Amino acid sequence: MNLLGRLILPLISDLLGARKPLYCLSLAVQAICLGCLPSALANHSFGGTLACAFIIGFFYGGGFGMIPAFLADQFGAKNVGATHGVILTAWAIAAVCGGLIFTAVYNAQSHIYPNDVSMWYNLDFRWILAPVLFSFLLSLFIPANLRDRKLPRAPGETFRYRFINGRLIRFTGCKVHMLTAAEEEAEWQTYLAGLSNLPQSKPVEVVSSEYGHSRHSGNGVDLFSQNGLGKVHVY
C-alpha cells in the first residue's frame with residue numbers, strides 16, 4: 001500500500017494542482033486511523049486493524065511521494081535537492097528516535113499487561129498520533145501557492161487557505177469568504193501592476209512566448225505569468 005500511495009497520490013496532486021490540500025488530507029486520514037487502531041485492537045477486530053494499517057500505509061507513502069513537488073512549489077525547482085536533503089535527514093533522525101521510543105514503550109507495556117497483547121501497542125499508537133496531528137495543523141499554515149505568499153492581505157484578514165478546488169478562502173474575523181477566480185485575478189493583477197511601477201533604471205522589456213509573458217526591468221524585478229497563476233522573482 002505504501003508503494004501504491006507513492007504512485008497514485010502524487011499523480012492526483014499533479015492532475016488537480018492541489019498538493020497542499022491532498023497533503024493535509026493524507027495527514028488527517030492517518031490521524032483518524034491512528035486514533036481508531038487502539039479500539040480495533042481492543043475489540044480484536046482483525047479487519048478493522050488491517051484496514052487502518054493499509055490506509056495509513058497508503059497515505060503515508062502518498063504524502064512522502066508528494067514532498068519533492070511540494071518543495072518545488074514552495075522553494076522553486078532549483079532548490080529541491082537541498083531542501084529535500086534536509087527533509088530526508090529529519091526523516092531519518094525521526095525514524096531512529098521514533099523506533100527507539102516505540103520499542104521502549106512496547107517493552108514497558110508488555111511487562112505491565114503480560115496477558116493482553118492488544119495493550120502492548122495501545123500507548124504507542126496514541127503518542128504517534130500527537131506528532132501527526134501537530135504536522136496536520138502546521139501544514140494548514142504553509143503558503144504553498146505563490147499567490148498565497150505574495151498576495152497582500154485584506155484589512156482584518158487573519159488566515160487564508162486554498163481549497164482543493166483551487167479557490168482561495170479568506171478568514172476575516174468571524175467571516176469566511178471564498179474568492180471567485182475573477183476576484184483573485186483582479187487582486188493579483190493589481191499586485192503585479194504595483195510591482196511594475198517600481199522605479200526602473202532601464203526600460204521595461206516585455207517578452208511573449210508560448211510559456212507566458214515576462215517583463216524584465218533594471219531594478220531586478222521579473223514578472224512571469226503562466227496559466228493564470230504567475231511567478232514573481234525579486235532579487
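Axes here are lines fitted to C-alpha atoms, for helices over the stretch in contact, and angles run from 0 to 180 degrees between N-to-C directions.

**Entry 1: overview**

I am working with a predicted model. I looked up the chain's make-up and found seven helices and seven strands. I then read the elements along the sequence, and the pattern is α-α-α-α-α-α-β-β-β-α-β-β-β-β. I also checked burial for the protein chain: 34% of its 235 residues count as buried.

**Entry 2: H2 against H5**

I took helix H2 (residues 19–42) and helix H5 (residues 118–140) next. Their axes come within 9 Å and cross at roughly 160°. Angles over 145 degrees count as roughly antiparallel. H2 is therefore roughly antiparallel to H5. I looked up the hand of the crossing of H2 and H5 as well, and that crossing is left-handed. What kinds of residue make up the contact of H2 with H5? I find 17 nonpolar, six polar and two charged residues there.

**Entry 3: aromatic rings**

I searched for ring pairs and the structure holds eleven aromatic pairs. I picked out Tyr23 and Phe70, which form one that is edge-to-face. Their ring centres are 5.4 Å apart, with 75° between the planes. Planes over 60 degrees apart count as edge-to-face.

Which parts of the chain does the pair of Tyr23 and Phe70 tie together? Tyr23 lies in helix H2 and Phe70 lies in helix H3 (residues 46–75), so the pair links parts that are 47 residues apart in sequence.

Are these two residues buried or exposed? I used the cut-off for buried, under 20% relative accessible area. Tyr23 has a relative accessible area of 19%, so Tyr23 is buried. Phe70 has 8% relative accessibility, so Phe70 counts as buried.

I also noted a cluster. Ring pairs link Phe102, Tyr106, Trp120, Tyr121 and Phe125.

**Entry 4: the three-stranded sheet**

I moved on to a sheet. Strands of a sheet pair through backbone hydrogen bonds, either parallel or antiparallel. This one is an open sheet of three strands in the order E1-E2-E3, and the pairing is antiparallel. Which strands are at the edges? They are strand E1 (157–162) and strand E3 (175–178), each pairing on one side only. From one strand to the next, the twist averages 20°.

I went through the bridges. E1 pairs with strand E2 (residues 168–172) in the antiparallel sense over five bridges. Glu157 has Thr172 in E2 as its bridge partner. Arg160 has Arg170 as its bridge partner in E2.

On the other side, E2 and E3 are paired, again antiparallel, over four bridges. Arg170 appears here too: its bridge partner in E3 is His177. My notes on Arg170 thus hold two bridge partners, Arg160 and His177.

I looked at the hairpin of E2 and E3 last. Two residues sit between the strands. Gly173 takes a positive phi near 65° in this hairpin.

**Entry 5: Lys150**

I checked Lys150, which is found in helix H6 (residues 146–150). Its relative accessibility is 34%, so Lys150 counts as partly exposed. How far apart are Lys150 and Trp188 in sequence and in space? The two are 38 residues apart in sequence, and 8.8 Å apart in space, C-alpha to C-alpha.

Technical notes
Residues are numbered from 1 along each chain as its sequence is written. This is a predicted model: local features need pLDDT of at least 70, side-chain atom pairs count only at pLDDT 80 or more; totals for chains, interfaces and linings use all residues. Side-chain values use heavy atoms; hydrogens and water are left out. Angles under 35 degrees count as roughly parallel, over 145 as roughly antiparallel, 65 to 115 as roughly perpendicular and the rest as oblique. A crossing is left-handed if the near helix is turned anticlockwise from the far one by less than a right angle, and right-handed if clockwise. Ala, Val, Leu, Ile, Met, Phe, Trp, Tyr, Cys and Pro count as nonpolar, Asp, Glu, Lys and Arg as charged, and the others, Gly among them, as polar. Rings of Phe, Tyr and Trp (its six-membered ring) pair if their centres lie within 6.5 Å; planes under 30 degrees apart count as stacked, over 60 as edge-to-face and the rest as tilted. Buried means under 20% relative accessible area, exposed over 50%, partly exposed in between (1.4 Å probe, protein chains only). Two strands pair if DSSP finds at least two bridges between them.
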